[in-house]
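Trainee: I have a set of protein chains in front of me and I'd like to learn how to read the places where they touch. Could you walk me through it?

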Amino acid sequence: MSRFALLCALLSLPAWADPTPADVQKVLQRDLHPRGQAGMDRLNQDAVQRACTQSRDHPAPDVAKPLEAEQMKTIAFPEGSLIGDWKKGEAIAQSGRGMTWNDKPGEPAGGSCYNCHELAPREMSHGTIGPSLKGFGRTRGNGADIQRYVYGKVYNAKAYSLCTQMPRFGTSGTLTPQQIKDLVGLLLDPASPVNQ
Amino acid sequence: MKIVALAAAGLLAAGAWAQDTAKEIQRYREMIAEGSPAELFELDGETLWKKPQGPRNVSLEKCDLGRGPGVLKGAYAGLPRYFEDADRVMDLETRLLYCMTTLQGRTREEAVAHPFGSADKPSEMESLSAYIAAQSKGMRLEPGLLHPKEKQSFELGRAIFFQRTGAWDFSCASCHGQEGVRIRMQDLPVLDKPQFARPVMASWPAYRVSTSQFVTLQWRMNDCFRQMRTPEPTFGSETTAALIHFLTVTAQGETYNGPGIKR
Amino acid sequence: MPGPMKMRASLGQGFTDVRVLMTHPMETGQRKDSEGKIVPMHFIQNLTVKVNGRPVIEAQTSQAISRNPVFTFRLKGGAKGDKIEVSWLDNHGESNRTEAAIA
Amino acid sequence: MNSIRRALVAAFVLTLVRPLAALAAWNKEAFSAKTAGDALKSLGIGNPQPSKDLTVEVPEIAENGAVVPIEISSAIPGTTALIVVIDKNPFPLISRFDFKEGALPFVKLNAKLGETSDVRVLAEAGGKYYVTTREVKVTIGGCGG
């Protein structure tokens, strides 16, 4: 039997051969060790991570809806305007620091936004995993509803789309409420470079 | 009407610009590939391979990388694979670590005290990898897949690849599961698909220009976990070996063309 | 002791290309090490290329040449067996040289 | 005593053996200049003429400023030197190559660019100077962390 045929046979093995998310979690707990601020508790999958692993990021609606509703409850919306300082927001969007084992705990983290999104058009070095956000506020205005949507989406993106690749920046404790407001400013302030 | 035409022209220009950018970056990569300092690390690696070390004061020249003791030609292209003496699947560095502890009598702690080099301190493991991998140039990648433990390792690697975990909910597939996307300016290969995994796996280990270091697959796994905001994988653990095994099996059959050069 | 150098001299149509790799940190004096201390300037200042013992290229370089420098030079003509030598000298007075015959 | 003497003799021999010292001295003043203009002044270069015969190949976009390849080739008859200047670097003068009989005015090197900058290449031929300028944009490559 050729290696290729063997590989095909392997790939079509029944599902029981695949380790479950719980099996993998055990292996990771055995093979990884805590370092810096990255403790072992980070390997414990929550219901969202488990549902997304099991479904390869395509959860059935009856699985996704209740979990999304639960995630929505984690978001604490501040009172009043949610539009912070877009200049600070731009710096947060540029920074890829935070939460890794070699980031100093307590130091302000970034949002890594440019890693995945186009924002200010003058920054040509932007990723494309997420949609382009160029001109985001120009087409949507900056009323209370859109402010709330952007704040909530950055705080906990899983409340809006369960298996999105976007981290839960508020829920995970990566960004502070003020930093998230600054990002809302970056997207919605008419003076922000995103809207030029 | 005029506005529509203008907008269309703008879109076209933006599209052309994006294409030019991609082309220019491709040209940049070709230009730097012509002068890869990887060969300097290969020279260092050769010295280290032959240098007596450890309590037994012997070199690694009797180390069996899968093709018999001391056989280097094509050894890298046959890894990862199952080793009976260790009763597990090992990638190149895991196997080197095994030889350092069993042949040279070194402790694991000492041998992995500094597995990833920095600008101030090169790493023995990385130079050895450069030297050994270079001797598989032009050979087809054929990792082990017949032994039951090899099948298990492949399946474990694939499951880890899709496991969403860590403070930011990432899996390997968060970045490497979607076609045609990039992080910043870096194109992301879809690593569970052979057509994308092949050229990537054929070029590791590699010289990395941003750090002027020679980097290995154990380093690549380690730094991906770091950016996934998880705890740190232990060097040579089953987790890292299984991931490397899964990726190499996905790329199998490709002609090895490394050591390569990376951004 | 300086790390290894590697050189390849290959004959073209009426010229010879010499590609040389050097192990050198090329420190700018602006980088900090892992403990946050400034790493002092340390870089190659002079390069010499000789053919059969005669200097044909002399170069002066700054700290802005990339770490582990790679240069390609082009010599007029050349014949199999011609001896090419490349040497460098850095700001600490360290030096290294390598030689190869045109293949 | 003896060993010190031996060491001294060895040191003396080493200095003698270094007719690497036949090298042109390193032009400290030019390499310490903080602007491209000052660097060129230190090298005695004024008003270089743009020339199509001085070819400079650089990537328009570099993913990493730590390694930017620059390939230079001069078809100007009698070219004896090539000079590389990166305007925005803290010390703009990068290198000077002097070519003697037997060498062609060609060089390929990798330089560090602190930021997006003009790369200026000058050629000396028959006491005159020629220039070609190309811009290189430096971007952020990967995860940035």
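Mentor: Happy to. Let's begin with one helix and work outward. The model is predicted, and in it the buried residues of α9(B) are Leu217(B), Gln218(B), Trp219(B), Met221(B), Asn222(B), Asp223(B), Phe225(B), Arg226(B) and Gln227(B).

Trainee: How many of the residues of α9(B) are buried?

Mentor: Nine of its 11, so you can call the helix mostly covered. Here, a residue counts as buried when its relative accessible area is under 20%. Just after the helix comes Arg229(B), which has a positive phi, near 60 degrees.

Trainee: Now for whole chains. Which two chains have the most contacts?

Mentor: Chains A and B, out of five pairs of chains that touch. Chain A and chain C, on the other hand, have no contact, and their closest C-alpha atoms are 12 Å apart.

Trainee: How many residues does each chain put into the contact of chain B and chain A?

Mentor: Chain B brings 46 residues and chain A brings 59. Next, look at area: about 4800 Å² is buried between the two, with carbon and sulfur atoms giving 55% of it. On the chain B side, no other three residues supply more than Arg164(B), Trp168(B) and Arg184(B), which account for 19% of what chain B buries there.

Trainee: What about charges? How many salt bridges are there across the interface of chain B and chain A?

Mentor: The rule finds seven. To see one of them, go to Arg30(A) and Glu238(B), where the closest N and O atoms are 2.9 Å apart. Polar contacts are a separate count, and between chain B and chain A there are 31 residue pairs of that kind.

Trainee: Which elements give two or more residues to the side of chain B that touches chain A?

Mentor: Among them are α6 (148-161), α10 (238-250) and our helix α9. The largest share, seven residues, comes from α6(B). Sorted by class, that side of chain B has 21 nonpolar, 13 polar and 12 charged residues.

Trainee: Do strands come into this too? Which strand of chain A is joined to β7(B)?

Mentor: Look for bridges that cross from one chain to the other. Strand β1 (residues 32-33) of chain A is joined to β7(B) by two bridges, and the strands run antiparallel. In one of the pairings, His33(A) has Glu232(B) as its bridge partner.

Trainee: Let me try the same reading on chain B and chain D. How many residues does each chain give there?

Mentor: Chain B gives 19 and chain D gives 21. The buried area is about 1800 Å², 58% of it from carbon and sulfur atoms. In chain B, the residues that lose the most area to chain D are Tyr28(B), Met31(B) and Arg263(B), together 32% of what that side buries.

Trainee: And which side chains meet in a salt bridge there?

Mentor: Arg27(B) and Glu57(D), at 3.2 Å from N to O. The rule finds one salt bridge across this interface, along with five residue pairs in polar contact. Two elements of chain B give two or more residues to the side facing chain D: α1 (2-33) and, once again, α9 (217-227).

Trainee: Which element gives the most to that side?

Mentor: α1(B), with eight residues. By class, the side of chain B touching chain D has seven nonpolar, five polar and seven charged residues. As for the helix we began with, α9(B) is on the list for chain D and on the list for chain A.

Conventions:
Residues are numbered from 1 along each chain as its sequence is written. Chains are lettered from A and ligands numbered from 1 in the order in which they are written. This is a predicted model: local features need pLDDT of at least 70, side-chain atom pairs count only at pLDDT 80 or more; totals for chains, interfaces and linings use all residues. Side-chain values use heavy atoms; hydrogens and water are left out. Contact means heavy atoms within 4.5 Å. Buried area is the accessible area (1.4 Å probe) that two parts lose on being put together, summed over both. A salt bridge is a side-chain nitrogen of Lys or Arg within 4 Å of a carboxyl oxygen of Asp or Glu. A polar contact is a pair of N or O atoms within 3.5 Å; within protein, one must be able to donate a hydrogen and the other to accept it, and residues adjacent in sequence count only if both atoms are side-chain atoms. Helices (H or I, at least four residues) and strands (E, at least two) are DSSP runs, numbered from the N terminus. Ala, Val, Leu, Ile, Met, Phe, Trp, Tyr, Cys and Pro count as nonpolar, Asp, Glu, Lys and Arg as charged, and the others, Gly among them, as polar. Two strands pair if DSSP finds at least two bridges between them. Buried means under 20% relative accessible area, exposed over 50%, partly exposed in between (1.4 Å probe, protein chains only).
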